[in-house]
Amino acid sequence: MSPQAGLHTPDSLRSPRTTAASSTTTTPRAVAALARCRELVEPALRKAVQGLHPEPGRIAAHAFGWCDADGTPGVGSGGKGVRPALAVLGTQAVGASADAAVPAAVAIELIHTFSLMHDDIMDGDERRRGRDSSWKAFGSGPAVLAGDALFALAVRTVAEADDACGARAVRQLAVMLGELVHGQADDVLFETRPWTGPHAVGLAEYRAMAARKTGSLLGCATALGPVLAGAPPRLADALAQAGREWGLAFQAVDDVLGIWGDPEVTGKPVHSDLRRGKKTLPVLAAMAAQPSLGPRLEGLLGGGTPPDEASVRCAADLVEEAGGRAYALRDARTRVAAARDRLRAAPLVTRRVDDLVALSELLLDRRV
């Protein structure tokens with residue numbers, strides 16, 4: 001089944017047999033917002049990391065793309081900085097200054113990078129953003145320690161930001177961290193669950209996992225700055241809910257890439273999620289649409305030994321033919337639209353909402 005008519009599919013999500021023309025989702029407004037926020041936040045982020053013990057600090061600097069494994073200053077990218085930009089723009093959307101958002105933006109990027117470092121260890125992923133992942137470059141033990149250092153630094157950054165609102169912000173950060181770990185634990189356990197039967201993973205369980213694993217971080221990213229700036233709970237909550245929708249959209253696209261993504265973009269082999277038995281949105285949606293698909297996937301992927309290439313390719317084709325890929329992309333677009341509508345219904349600064357909406361389109365593009 002092909003994607004729904006009118007649904008934009010980023011270039012990195014297209015299969016080789018897809019020939020439809022594509023347009024980029026990166027608007028000039030989003031590019032300008034990212035550049036402005038990065039210029040504001042990166043000096044503070046670098047200063048915070050420089051205060052770490054030299055060894056975890058060196059590993060963290062490598063993870064951010066600031067240096068090579070041997071300490072040589074690098075020119076690589078640590079990502080576009082979408083999450084800290086959400087913190088800055090969310091703060092401006094409640095009428096506060098961009099400067100007030102810097103501690104929140106730094107903390108969110110520290111947490112994001114910590115989570116990636118630990119995810120790569122758990123998943124055995126050797127590449128991250130076109131270079132060796134932290135554990136591959138420095139070893140698992142040092143990478144775990146560096147991730148822990150970033151975690152602690154994030155909490156400290158928020159706790160020291162503002163006496164009046166710091167406690168509320170730390171609580172929000174702590175709740176998010178608990179949700180993130182809960183969601184990650186569920187995601188790992190899903191790999192061991194059967195493809196069929198009463199213990200199989202369902203769509204509702206998947207959505208709860210994704211809301212915790214990915215939605216919680218983007219929700220916190222968008223609301224933490226406003227909380228530190230003393231925004232009314234109503235406005236902070238509207239921003240948090242929009243961020244959660246964006247997180248679910250991002251996860252849906254990430255799930256598509258885990259099966260059909262270009263290895264040159266993702267840094268992972270094609271069909272990698274199927275090889276690992278991950279129960280992701282395209283797979284679960286396809287099985288819900290065609291219940292007979294579950295036993296077929298179990299036969300191809302669930303034999304207790306790593307599946308061969310032909311089995312994995314056949315499984316990917318079956319999921320796509322059953323509509324799983326189109327469903328996930330449609331779900332991502334729907335959630336971005338829902339977040340937009342939620343923000344435009346709230347009494348927020350209109351031009352900053354427009355910036356957030358433009359930025360949210362990047363969540364449908366794997367180059368984030």
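The protein chain holds 16 helices and two strands. With a radius of gyration of 20 Å, close to the 21 Å that the globule rule gives for 368 residues, the chain is as compact as a globular protein of that length. This is a predicted model, and the description below moves from the whole chain to its helices and then to a few single residues.

Along its principal axes, the C-alpha trace spans about 55 × 50 × 40 Å. Of the 368 residues, 53% count as buried. The chain exposes about 15500 Å², and carbon and sulfur atoms supply 55% of that area. Among contacts with a separation of 6 or more, 75% are made by residues 24 or more positions apart.

A good place to start on the interior is the largest nonpolar core, which has 106 residues. The members that touch the most other members are L110, I111, M176, W246 and L359. Helix α9, residues 233-260, gives the most to this core, with 15 residues. One of the well-connected members, L359, can be followed outward to its partners: leaving aside neighbours within four places in sequence, L359 is in contact with A30, L34, V82, A85, L86 and L89.

Two of those partners, A30 and L34, are also among the buried residues of helix α1. This helix runs over residues 28-50 and has 23 residues. From its first C-alpha to its last, α1 reaches 33 Å, close to the 33 Å expected at 1.5 Å a residue. A kink of about 35° nevertheless lies at V41, shortly before the proline P43. The buried residues of α1 are A30, A33, L34, C37, V41, E42, L45, A48 and V49. Several of these lie three or four places apart in the sequence, such as A30, A33 and C37. In an α-helix there are 3.6 residues a turn, so residues three or four places apart point the same way. The cover over the buried residues of α1 includes α2 (54-63), α3 (82-93), α4 (102-123), α6 (140-159) and α16 (350-360).

Helix α2, one of the elements covering α1, is itself well wrapped. Seven of its 10 residues are buried, so α2 is largely enclosed by the rest of the structure. These buried residues are P56, G57, I59, A60, A61, H62 and A63. They pack against α1, α4, β2 (131-132), α5 (134-138) and α6. After α2 comes G65, with a positive phi near 85°.

Helix α8, residues 203-228, offers a second example of a bent helix. There is a kink of about 45° in α8, centred on G215. At 1.5 Å a residue, its 26 residues should span 38 Å, and the end C-alpha atoms are 35 Å apart, which agrees. Of the 26 residues of α8, 19 are buried, so this helix too is largely enclosed by the rest of the structure. Just after α8, G230 takes a positive phi of about 80°.

A positive phi also appears at H271, although this residue is not a glycine; the angle is about 70°. Most residues other than glycine have a negative phi. H271 sits in the loop between α10 (263-266) and α11 (272-275). Its relative accessibility is 9%, and H271 therefore counts as buried, the cut-off being under 20%.

Three further residues show how burial varies towards the end of the chain. S311 belongs to helix α14, residues 309-321. With a relative accessible area of 17%, S311 is buried. Not counting residues up to four places away in sequence, S311 touches L300 and L301.

A338 is found in helix α15, residues 324-344. At 31% relative accessibility, A338 counts as partly exposed. The C-alpha atoms of A338 and E245 are separated by 7.2 Å, although the two residues are 93 residues apart along the chain.

V349 lies in the loop between α15 and α16. Its relative accessible area is 25%, so V349 is partly exposed. Beyond residues up to four places away in sequence, V349 touches Q92, A93 and G95. Two of these partners, Q92 and A93, fall within the 82-93 range of α3. V349 and G277, by contrast, are 72 residues apart in sequence and 44 Å apart in space, C-alpha to C-alpha.

Terms used
Residues numbered from 1 in each chain as written. Predicted model: local features only at pLDDT ≥ 70, side-chain atom pairs only at ≥ 80, totals over all residues. Heavy atoms only, no water. Core = buried A, V, L, I, M, F, W, Y, C linked by side-chain atoms within 4.5 Å. Buried < 20%, exposed > 50% of the residue type's maximum accessible area, 1.4 Å probe, protein only. Contact = heavy atoms within 4.5 Å. Expected span 1.5 Å × (residues − 1). Bend = angle between axes of the 7 residues up to and from the residue. Rg over C-alpha atoms; globule rule 2.2 N^0.38 Å. Areas by Shrake-Rupley, 256 points an atom, 1.4 Å probe, with all protein chains shown as cover.
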